[in-house]
Amino acid sequence: MRLRAALPSITVPVALPFAPTAATLDAAIAMLDGAGASGGANSPAVRRAAFAAYALLPVPGGYPGRSWRYDYAKLPFDDLRWTSGRQRVATMPFAPLPADDAAVDRSALATDNAGGLVHLGATLLEAPGPTALDPRVVVTSLAAARRDYADLLAPVAGTIVNPHTDRFAALATAFQNCGAFIYVPAGVVVEAPLQLLFVNPAGQAAAVFPHVVIVLGAGARATVIERYAGDGDAFVCGIVEAHVGPKAELDVVTIQQADVEARVFASRAARCERDATMRWQLAELGAALARSVVTTELADTGARGEAAALFFTGATQHVDLTMHTAHVIGHTTSNTVVRSAATDSGQGRFFGNIAIHKQAHGSDAALRDDALLLSKAAHIDSVPALEIAANDVKAFHGATVGSVDDEQLFYARSRGIGRADALRMIALGFFEPVVLRFPGERLRDEIRTALDAKIDAATEID
Amino acid sequence: MSLVISGLRAAVEEKEILRGIDLVVEPSQVHALMGPNGSGKSTLAFSLSGHPSYAVLSGSVKLDGEELIGLPPDKRAKAGLFLSFQYPAAIPGVSVANFIRTARMAVNPSDLPPARFRKMIFEQLDVLDMDPAFLSRYVNDGFSGGEKKRLEMLQLAMLRPKYAVLDETDSGLDVDALQSVGRSVNALRASEDGAQTAFLIITHYPRILNYIPADVVHIMIDGRIVKTGGPELANQIEREGYDQIRDEAASSIA
């Protein structure tokens, strides 16, 4: 997504040409040891072990469909620049904007928020001045957290997303160059969302490896919005891991509107303790290739996982979404709903997996996935799966892939609504059940506007 | 100025259902089209509206002089035709208010600022005994049979067509719902800008005609209009059913 807001210019002292090689990793580690770089949080040993895993782990993707154009074993990494650092700026870009100011690009990069972090490429921006943040709440870079909050970070970082089980989680761990740590202590409720912004600056092809760790103490509540935006063919490969304490409630909202040249990968996972609630809301709208693996571990009785995801691929965009829910123990509940559409040569695939472990009696799981194909070359694969090892559980899964229903279209047209407008109305309505799961009318309207713009941009809607 | 159907033949899945329909509906008239199940009444309704599954083999439909055959469904609606569906489709995710506003803007973009639209739709909800909460529900999604028919009538009232085809609007309705349908149609006919609206009421039973009196009654059997008369013809059907007319029609063809 192109940003009209003025970005501060950043000076990157040293940058490496990125390639997923041992030599590049050595150079990166040497650079992080030097002066000026401060985004690094992982130790050299952790990085090297993860890189060894990267080399050995299977290439994800299974058997791509006929029209799927990407092979994860042969991704090009030419011209990408790896760097790490922080920079002070006079004022923070993307501060909340007045809702009625039509003159500014009101992508809700301007969502009302309670504070957060902004990264340009892998460079953390720091502005002077007060923050709206509750002083009990920690929002800081992962590198600073490693220094200042080691006791809070250590039990969580690297334990919820295991970098040794997914090739790109391993790559993200090896080359981690930015990130955030969010800590909401027991009993604290943060009403406005905390926002993490990852923006690729124009004219650069940044290799960005964010690692976000979120820890909520017992009974805490927070909403974290992560946004991916900017220009150019960035490669973003990140990790988001969350530990949701007993009776805590966490919403993680992802709005991915990266440039159509960019590749944005993420491994996201949450572990939910007793009576905790985790809600994922994911909107994959940008990027040439987006891959997201979302895992929810319901680790104790009464834990609840809700996941709502949407994607809309146009042009030659690809989205690859995997959602796992693990009912480790009984009397846990999960609900996953996915809506996707594709037009032009847009491609998508969804793997949904619910695992109900042996001791998880009394679990209740539902997985629903619907895909809408709006052009002849568009393609979406949907593979929902249930693995049930316990008795006495409630589990539902269902999936549909189809085009716009002729009777709906005729009904709308019989009221005078032209074909294009009727298709737009029906397609936007199709996404509503997932849009409604996002928090706040302003964010929902932003997503509706973005979906509408995707229909505008399509050359074929049928 | 009239809706003129001449020599209309139409097929569904290559089976000819309408076998030459001639019918003229003048502004402000109410015509009833009656007939047994399978006689082709709904096929006529869909053929008039331009449903893609109904192939017009020959004939013409002129709305105030404009040929409708060959036009897409939305152009027919813009010309002034409205079909109240027997089984309207659900459009999940699209609210009733949004749907009707979009439709109204499409058929008549010139007038009606938002405040007046709002006032008008609330008045019509009142006529139809509908809760305003209805407006934020999704179009026909999870609606009862009665709610669907009321929504059709709400659209009729908001779109103000020149010619309205009501396809089995009475089927499945209880007396209360039927009364509100009657009230809605009669309120439209009594209004200044609805007085010219003409109706073609397709029905199996004459019951709805107690609420919306017909000027002309047609009997359709096997894809043809076999008899046309005044309101007394509906009463005859009520007493005798379709058998006698079917026999008359059969002998006249033979």
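**View 1. Ser340(A) sits in strand 19 of chain A, a strand made of residues 333–342.** This is a predicted model, and we start inside chain A. Ser340(A) has a relative accessible area of 1%, so it counts as buried, the cut-off being under 20%. Who is around it? Leaving out residues up to four places away in sequence, Ser340(A) touches Phe311(A), Asp370(A), Ala371(A), Leu372(A), Ile380(A), Phe430(A) and Phe431(A).

**View 2. Arg88(A) belongs to strand 3 of chain A, residues 85–88.** Is Arg88(A) buried or exposed? Its relative accessibility is 57%, so Arg88(A) counts as exposed, which takes over 50%. Setting aside neighbours within four places in sequence, Arg88(A) is in contact with Glu126(A), Ala127(A) and Pro128(A). Now think back to Phe430(A), one of the residues that Ser340(A) touches. From Arg88(A) to Phe430(A) it's 44 Å, C-alpha to C-alpha, and the two are 342 residues apart in sequence.

**View 3. Here is where chain A meets chain B, with 18 residues of chain A in contact with 33 residues of chain B.** Three residues of chain A deserve a look: Phe410(A), Tyr411(A) and Arg415(A) supply 42% of the area that chain A buries against chain B, more than any other three residues. Taking the two chains together, the buried area comes to about 1900 Å², and carbon and sulfur atoms give 68% of that.

**View 4. Arg413(A) and Asp74(B) join their side chains in a salt bridge across the interface.** The N to O distance here is 2.7 Å. How many salt bridges does the rule find between chain A and chain B? There are two. Polar contacts show up as well: nine residue pairs between the chains, with both residues at pLDDT 80 or more. On the chain A side, helix 6 (406–413) and helix 7 (419–435) each supply at least two of the residues that touch chain B. Sorted by type, the chain A residues at this interface come out as eight nonpolar, five polar and five charged.

**View 5. Residues 96–108 of chain A form a stretch with pLDDT below 50.** For chain A as a whole, the mean pLDDT is 90, and 90% of its residues reach 70 or more. In the model, the 96–108 stretch has 23 contacts beyond near neighbours in sequence. A word of caution for this view: where pLDDT is low, the predicted coordinates should not be read in detail.

Conventions. Residues are numbered from 1 along each chain as its sequence is written. Chains are lettered from A and ligands numbered from 1 in the order in which they are written. Side-chain values use heavy atoms; hydrogens and water are left out. Contact means heavy atoms within 4.5 Å. Buried area is the accessible area (1.4 Å probe) that two parts lose on being put together, summed over both. A salt bridge is a side-chain nitrogen of Lys or Arg within 4 Å of a carboxyl oxygen of Asp or Glu. A polar contact is a pair of N or O atoms within 3.5 Å; within protein, one must be able to donate a hydrogen and the other to accept it, and residues adjacent in sequence count only if both atoms are side-chain atoms. Helices (H or I, at least four residues) and strands (E, at least two) are DSSP runs, numbered from the N terminus. Ala, Val, Leu, Ile, Met, Phe, Trp, Tyr, Cys and Pro count as nonpolar, Asp, Glu, Lys and Arg as charged, and the others, Gly among them, as polar. pLDDT is the predictor's confidence in each residue, from 0 to 100. Buried means under 20% relative accessible area, exposed over 50%, partly exposed in between (1.4 Å probe, protein chains only).
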